[in-house]
Each structure stands twice: as C-alpha cells, then as structure tokens.
There are 2 protein chains.
Amino acid sequence: MPVAVLTFDGFNELDSFVSYLIINRLKARGWQAFITSPNEHVASMNGINIQAEKPLEFAQEADAVLVGSGTKTLDIVNDSSLMSRIKLNPDIQLIGAQCSGTLVLSRLGVLETGVACTDLKTKPWVIESGLEVLNQPFFADGNVATAGGCLASQYLATWVMMKLGSQRDVEAALRTVAPVGQIEEYIARALSAVAPYIRSSSGVSAIADAV
Amino acid sequence: MPVAVLTFDGFNELDSFVSYLIINRLKARGWQAFITSPNEHVASMNGINIQAEKPLEFAQEADAVLVGSGTKTLDIVNDSSLMSRIKLNPDIQLIGAQCSGTLVLSRLGVLETGVACTDLKTKPWVIESGLEVLNQPFFADGNVATAGGCLASQYLATWVMMKLGSQRDVEAALRTVAPVGQIEEYIARALSAVAPYIRSSSGVSAIADAV
C-alpha cells in the first residue's frame, strides 16, 4: 500500500512527517509512505535539508497521495511545469491535502464539492481560489480529503488507514504515536474526526460503534 | 533562546520535529530550535537522510536541550565516546527527553528523582536502568522533564516555553499547529499536562487560571 507524501521546498516538517510516520507504523502490514518531491533534495521551512525518497511522478503509482504544506505553495501552484508533473486520479486513488496543500488540489481541480479545510494562514488564498473554507480540522468527500492545522495530519492519516484498511489498522498505528496515558482519547478523537466521511462515502456505518 | 533538539541516527521523525517546529514558531520572539546531531548527516528510523544544523557540543550552549528518540538509543547510550560529547547542566539549562531519549538522560545521571516518562516500547529498558516509569505523557522535576508517546512532544515544547517564556508564548505557538476548530482544546490539554510541574518547580501557580 504505497502512499506518496508530496513534499516541496519550504515544506512544513509536521505537515509531511506526521502522516508519513503514522502510516509507516504499518510497514509490517504492507503499508509504506514515501517523501515524494520535485527534486532529490528539498529544504524545510526551518531550513532542514532532506533527501526525498521518490520523484513527483511516483504520485500516480500510489494508492494514496497526501499533499503537504509549506511556505512556497503559492509559487508551486503557479509553476506550471512542476504542476504538470503531478498526475492524480480520484477515481482510483485516495487524495488528501494538508493546510496549504489544499491550494494544490484546488489548482489541480480535484476539489469538486467546493468545500475544504486548510490552515488559518492559507484560508484567504483558498477562498480566493473559489472554495468555501470550513472551521473544522478535517473534511472529505468520497476519495478526496483536506485537513487544516499541522496536527490535523493525524486525521488525514487516519482517514487513509480507514479507507484503505480498517479500524484495527488505525488503532495499531495511533497506539504507537499517542501520548502515554491518552491513547484511547487520541484514537477516539481521530476516529470521530473522520467518521462522518467514511460513512457518507461508503454508504455504510463501518465505525459507528467506535466513536 | 537557543534550543538543541538532540537527534541521532535512527531518529523518530516526530520525536525531533514536533518540538522543533513548535519552538521555531516563536522565531520572531527570539527563540530558535536546532537539530543537533553527532554527525553532519543523520538518517531517520524510516530512512530519511537529513542534514543536521549543529554538532552535539552545541548542547552545552543551549538554554534548553531536548533529547529525541529513535531505534538506536541502546547503541547510543553504550557509545561512551559519543555520550562524552553531551554536556548538560540542569542547574542552568532546561533538559527534556522524549521517549527513548529518557534512556540517554538516565545514563547521563540527570534523572535524580528516579521517576520518568517514556514510550511503551522503551519502558522495560528504562525500568532496567533503575527508574520508575509513570503511566502519563509528561513529568518534570525542576529543570528536568521527560515525555512518552511521540505526540507528547507537544507537551515537552509547552514546558520549555512556559519555563523560559510565558503562557502567551505557548498560546502563540500552539495556535499555529493545533487542528483548526480544536485550538483552544489543544492549548488547554497541553497547559494541563505541564501545569503541575510549573507550579512545583517555581513555587508559584503561574498558570492556575488557565487550566
């Protein structure tokens, strides 16, 4: 179950690494997330240089694509040669965006409902792109999701694991990242953030008992 | 206000980057966190190669030192030449550890109370090192703190900001990382995790009104 975490120059470390690490907790179950970038090396918003694991073209091979956030997203969405390298297909892939990643999905035309989540700083730009921004951490419609606020990336990862896996996968992964003594609380909060959107897309209430 | 985030080979991405990013949210107020490592490059537990910002020796210049976690901590604490490069002084510095970082502080002899937090996987090793492990995400005594579970690193960062700064600093930083729509809840939970230890160390109830 390959997952591409799209990570650009100026990236927010949490917006890429929270979902990356959570999904990689399930490596033994066949899941793997990859830092996926336009270049071999990218620098974070705080100046950390990292080596990417996959090129942007990898996104079209992944079962899920999560678009990270950063300080240069406005430049990225206006870079047509870079944007043309991102091929997404919501019919057969899960597609999610974190914070300013929502702008990337907006530009790629995959946010068909016209409603999205993003962080408070990116909000004016997302509105300008023609979307309504919700005052909540997570929203999904079918195979496309958006999240706002760095730590909401745990909900994006939860959604991917619920949609492509099971509640058991979610629990196994979150159990290893939640604060000690608050594990059940963290799992319940994450399930409750994504539950309404798992129901509406599949037509069944798979996790109704859990939240 | 320089903060060293000690980051070794095999490091857990969240255990270093959550506190790193949160503290760097206060750059404009004079705070800065640095990825501080034994070598110029270190590889994460999931294989991400990053370039460190400071050598280990930087730890003794920092106002706060947070020891990250990873898959190679047992090797690290047994590497006497590496350990001898880490000079910490809890009389004049704040010192914190995240998950298996607790083993590093145990070996360095700075956990004088004999009580600590760590993650569930490291717990047996911490007990073997002679400490009692608490079933809670955060514990501090004076200038030394430990946290368990990756996302408890937000509490470690909160403690540093409260001790060296103010509740206003905590709120400013957490506001930019909490999930949208859950900001006040995240701030309250973080303040409540550290509040008992701010009180007991300073003798005043600086944040009693807040939690």
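**Close-up views of a two-chain model**

**View 1. Phe17(B) sits in helix α1 of chain B.** Everything shown here and in the views below comes from a predicted model, so please read each close-up with that in mind. Is Phe17(B) buried or exposed? Phe17(B) counts as buried because 31 other C-beta atoms lie within 10 Å, against a cut-off of 20 or more. Leaving aside residues up to four places away in sequence, Phe17(B) touches Glu13(A), Leu14(A) and Phe17(A). If you would like a landmark within chain B, try Ala178(B): 161 residues separate Phe17(B) and Ala178(B) along the chain, and their C-alpha atoms are 15 Å apart.

**View 2. Chain B meets chain A through 32 residues from each chain.** Which elements of chain B each supply at least two residues of the side that touches chain A? They are α1 (13-24) and β4 (49-51). The largest share of this side of chain B comes from α1(B), with 7 residues. Sorted by class, the side of chain B that touches chain A holds 20 nonpolar residues, 10 polar residues and 2 charged residues.

**View 3. A turn of 180° and a shift of 0.0 Å along the axis lay chain B on chain A.** The RMSD of this fit is 0.0 Å. Why speak of a two-fold axis here? Because that is the relation that this turn and shift describe. To find the axis from chain B, look for Ile50(B): its C-alpha is the one in chain B nearest the axis, 2.2 Å from it. Both copies use the same surface, and 100% of the contact residues of chain B recur in chain A.

**View 4. Helices α6 and α7 of chain A cross at roughly 145°.** Here we turn to a pair of helices within one chain. Helix α6(A) covers residues 153-164 and helix α7(A) covers residues 167-175, and their axes come within 7 Å. The crossing of α6(A) and α7(A) is right-handed. Which residues make the contact? From α6(A) they are Thr158(A), Met161(A) and Met162(A), while α7(A) brings Gln167(A), Asp169(A), Val170(A) and Ala173(A). By class, this contact of α6(A) with α7(A) has 4 nonpolar, 2 polar and 1 charged residues.

Technical notes: Residues numbered from 1 in each chain as written. Chains lettered and ligands numbered in written order. Predicted model: local features only at pLDDT ≥ 70, side-chain atom pairs only at ≥ 80, totals over all residues. Contact = placed C-beta atoms within 7 Å. Helix = DSSP H or I, 4+ residues; strand = E, 2+ residues; numbered from the N terminus. Nonpolar A, V, L, I, M, F, W, Y, C, P; charged D, E, K, R; others polar. Least-squares fit on C-alpha atoms with pLDDT ≥ 70 in both. Axes fitted to C-alpha atoms, helices over the stretch in contact; angles between N-to-C directions. Left-handed = near helix turned anticlockwise from the far one by under 90°. Buried ≥ 20, exposed ≤ 12 C-beta atoms within 10 Å, placed from the backbone.
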